[in-house]
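Trainee: Got a minute? I'd like to go through this structure with you.
Mentor: Sure, pull it up.
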Amino acid sequence: MKTTRYFEEQVLRKRTYLRRSWCEEVLRQPARREVQPNGRIRHWAFVPELGKYLRVVTLGDGQTVHNAFPDRDYKESES
């Protein structure tokens, strides 16, 4: 999995509970995908171990992970 320096140095340090395998699974099988105005792409999928939807934000290539966090506001009906 490709990542940005920000993801490695900031996101993983602040969110120690995050697992790379969860991010990889979200990218493989997203429940929803949305392009942001800045060209980055949001991907969501439910992570049973987390009990929530995980939002993974990639660069415009759709592969390089820039950010990831549980999305408290995600609703299944949005997909």
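Mentor: One term before we start: a residue counts as buried when its relative accessible area is under 20%. Also keep in mind that this is a predicted model.
Trainee: OK, so what share of the protein chain counts as buried?
Mentor: Of its 79 residues, 39% are buried. The protein chain exposes about 5,000 Å², with carbon and sulfur atoms supplying 43% of that area.
Trainee: And what's the secondary structure?
Mentor: Two helices and four strands. Along the sequence the pattern reads α-α-β-β-β-β.
Trainee: How does the radius of gyration fit a compact globule?
Mentor: It agrees: a compact globule of 79 residues would come out near 12 Å, and the protein chain has 12 Å. The C-alpha atoms fill a box of roughly 35 × 30 × 20 Å along the principal axes.
Trainee: Switching topic, where does Arg 15 lie?
Mentor: In the loop between α1 (5–14) and α2 (20–28).
Trainee: Buried or exposed?
Mentor: Arg 15 is buried, yet it has no salt bridge.
Trainee: Huh. Which side chain of opposite charge is nearest?
Mentor: That's Asp 71, 11 Å away. For a salt bridge, a side-chain nitrogen of Lys or Arg has to be within 4 Å of a carboxyl oxygen.
Trainee: Then what is Arg 15 in contact with?
Mentor: Leaving aside neighbours within four places in sequence, Arg 15 touches Asn 67, Ala 68 and Phe 69.
Trainee: Last one: how far apart are the mean positions of the positive and negative charges?
Mentor: They're 5 Å apart, for 16 positive and 11 negative charges.

Definitions and conventions. Residues numbered from 1 in each chain as written. Predicted model: local features only at pLDDT ≥ 70, side-chain atom pairs only at ≥ 80, totals over all residues. Heavy atoms only, no water. Buried < 20%, exposed > 50% of the residue type's maximum accessible area, 1.4 Å probe, protein only. Lys, Arg positive; Asp, Glu negative; His and termini not counted. Contact = heavy atoms within 4.5 Å. Rg over C-alpha atoms; globule rule 2.2 N^0.38 Å. Areas by Shrake-Rupley, 256 points an atom, 1.4 Å probe, with all protein chains shown as cover. Charge placed at Lys NZ, Arg CZ, Asp CG, Glu CD.
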